[in-house]
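User: I'm new to reading protein models and keep tripping over the vocabulary. Could you take a look at this one with me?

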Amino acid sequence: MTSGESGIGSSGGDDFEERFRSEGDRLARLLGRIYGDHPALAGSLEAALRLARTSWEERSPDLKELDRRRLEHPDWFLSNDMLGGFCYADLYAGGMAGLRERIPYFRELGLTYLHVMPPFKVPEGNSDGGYAVSSYRELNPRLGTITDLRLLGEALRASGISLAVDFVFNHTASDHEWARRAAAGDPVYRDYYWMFDTRELPDAFEATTREIFPDDHPGSFVQLDDGTWVWASFHSFQWDLNYANPAVFVAMAGEMLFLANQGVEVLRMDAVPFIWKQLGTSSENLPQAHLLLQAFNAVCRIAAPAMLFLSEAIVHPDDVVGYVRPDECQLSYNPLQMALTWEALATRDVRLLHHALAERHRLPDGTAWVNYVRSHDDIGWTFADEDAVRLGIDPSGHRRFLNDYYTGRFEGSFSRGVAFQFNPKTGDSRVSGATASLLGLESGDAGAIDRILLAYSLALSTGGIPLLFLGDEVGQLNDYGQLEVEGRSGDSRWVGRPNYPARLYSERNDPSTDAGKVYSRMRRLIQLRKENSQFAGGELRTIDSGNSRILAFERPGGGKPLLVLANVGDYPEQAADRAFADFPGAWTDLISRRSRTLGDGVALAAHEVLWLVRA
Ligand code: OTU
């Protein structure tokens, strides 16, 4: 580093001036590519750089120290120690202060990252679970204040837990100040959104866009009282921001840096596919969406280098990986592994999941998957049609089967999910529900607890950060009462967002209860992951077990391999004789502590999972 010392008006950061220069250059190039000859380009670049500088100046010494540590160990999040959890502040703990009080439990569980669902100011009534943000700088007063958010971040950090929150940056609530000014006719703010006086352009855009929440409104636009049409990909009260206007990029960069300086370490980039629109396209996953993320990343690298981006793109797997790069989003949800874990448990057939792990698991160095069993949203069947066809599976018929299976319509299904956003025009549908209900605990199926652990064992072992819906570890069920709360009745995802299950948590150390059974086994898996460095990073090699019910893969672990085997079937299964010829000799199963010989095939009990290391 040479330039730092000579920097004019040096902002007190060791490497700040160096980052300012190199990342500032990158930002200039990116904005140049996005905005071309837009007259506001130069001014916007200058404004963004100014923001980055002041934000750094205002950043607390504590966070700058974190920046230094993260820059020194940029791969920290690839550690096998990592474990994520997520919850709603109100449902789980009554608000920010309550969450602070749960930190001892988070430590007991082994969390190193906590995603608090959007806690920001929202409209009254339906706010899409917080995803309609009225202000990025104020919290929902029922949850606390922005100071509470900062204090939560500090308290978590002191316990080795990174705070994650959403950056809901594709849209604002229709009562955000910018939106209110736009609706009132202020031309500056009308240009923050996609607003049209006639149907001409909305019609043209809608000819190629997809309906996301068809239960709420058809198409991508909604009409205001004065006749204006405004782009709303999700609910009618969530208006898409117009990033074709560089002022919007600058304004949102400011909101992002504000959050960074509250101590947010992982920023969940909500709905990334949708941020750039273009006539004649699907207006999803366009090249400019990537450039915009990289531009946000450049700003972040200058002013809050500790912060990571987590991409939330629940789309075709080819498009999902497109967002994952060290200079774009370092983390991404893994919706393919999520969906195919459910698929394998329903079909008792691991072939699609095996194929995904073999062909679609690899990510660039310095990035990682976030592996979840379920989110707060629906389960969408986002596997690639072409992968299914290769295995002789009819993709749309298969999706119909999975929807029927997980909503319990399929004869003999163990599942109690609820349909979400059935679209009669396309036949598309998704499934809502809590893990335990979806896997048979609600219907009283004997295999339910084993299936819950099997599903989580995969999220914990394939590589990346495992992410737990808090409550799943004590087997919480669907909460149908949520649909009775004002503003929630039309959205079945609420069934899978239960209140804090106090009774289940109080039973968690009682092995005679379901909660105790799930919890003790989950804890053991988590501890084993933390103790065995083979789980670090993302390297994985699939093994053909020769039995379509047994998934098998190797975590190479630098010459000390760990083998994972899982039987998704309801009966004992045997791997093929020669399947493990490359792994001869005596092994120990970490989970059962029993020894295993891999010579002549290997037998697994129904739903059994083995984590094998050399004896
Ligand atoms: C996200 O999900 C959030 O996770 C949802 O809770 C929000 O409602 C939504 O954004 C709007 O903010 O369609 O069914 O490819 O699939 O962003 C969930 C991305 C969703 C979308 C995803 C969206």
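Analyst: Sure! Let's start with pairing: two strands pair if DSSP finds at least two bridges between them. Keep in mind that this is a predicted model.

User: How do you know that β19 and β20 pair?

Analyst: There are 6 bridges between β19 and strand β20 (residues 562–567), running in the antiparallel sense. The cut-off is at least two, so the two strands count as a pair. For instance, alanine 552 sits opposite leucine 565 in β20.

User: What makes β18 and β19 a pair?

Analyst: Strand β18 (residues 541–542) is joined to β19 over 2 bridges, again antiparallel. At least two are needed, so this counts as pairing. In one of these spots, arginine 541 has glutamate 554 of β19 as its bridge partner.

User: Why is β19 called largely enclosed?

Analyst: Because 6 of the 6 residues in β19 (residues 550–555) are buried. That goes for both faces: Ile550, Ala552 and Glu554 on one side, Leu551, Phe553 and Arg555 on the other.

User: Why do the residues split between two sides like that?

Analyst: Because side chains in a regular strand alternate between the two faces of the sheet.

User: Why is serine 283 called buried?

Analyst: Its relative accessible area is 3%. Buried means under 20%, so serine 283 qualifies.

User: What makes the link from serine 283 to glutamine 278 a polar contact?

Analyst: The serine 283 side chain reaches the backbone nitrogen of glutamine 278 at 3.1 Å. The limit is within 3.5 Å, so the distance fits. Serine 283 also touches other residues, including Phe205, Trp231 and Pro273.

Terms used: Residues are numbered from 1 along each chain as its sequence is written. This is a predicted model: local features need pLDDT of at least 70, side-chain atom pairs count only at pLDDT 80 or more; totals for chains, interfaces and linings use all residues. Side-chain values use heavy atoms; hydrogens and water are left out. Buried means under 20% relative accessible area, exposed over 50%, partly exposed in between (1.4 Å probe, protein chains only). A polar contact is a pair of N or O atoms within 3.5 Å; within protein, one must be able to donate a hydrogen and the other to accept it, and residues adjacent in sequence count only if both atoms are side-chain atoms. Contact means heavy atoms within 4.5 Å. Helices (H or I, at least four residues) and strands (E, at least two) are DSSP runs, numbered from the N terminus. Lists of a residue's contacts leave out its neighbours within four places in sequence.
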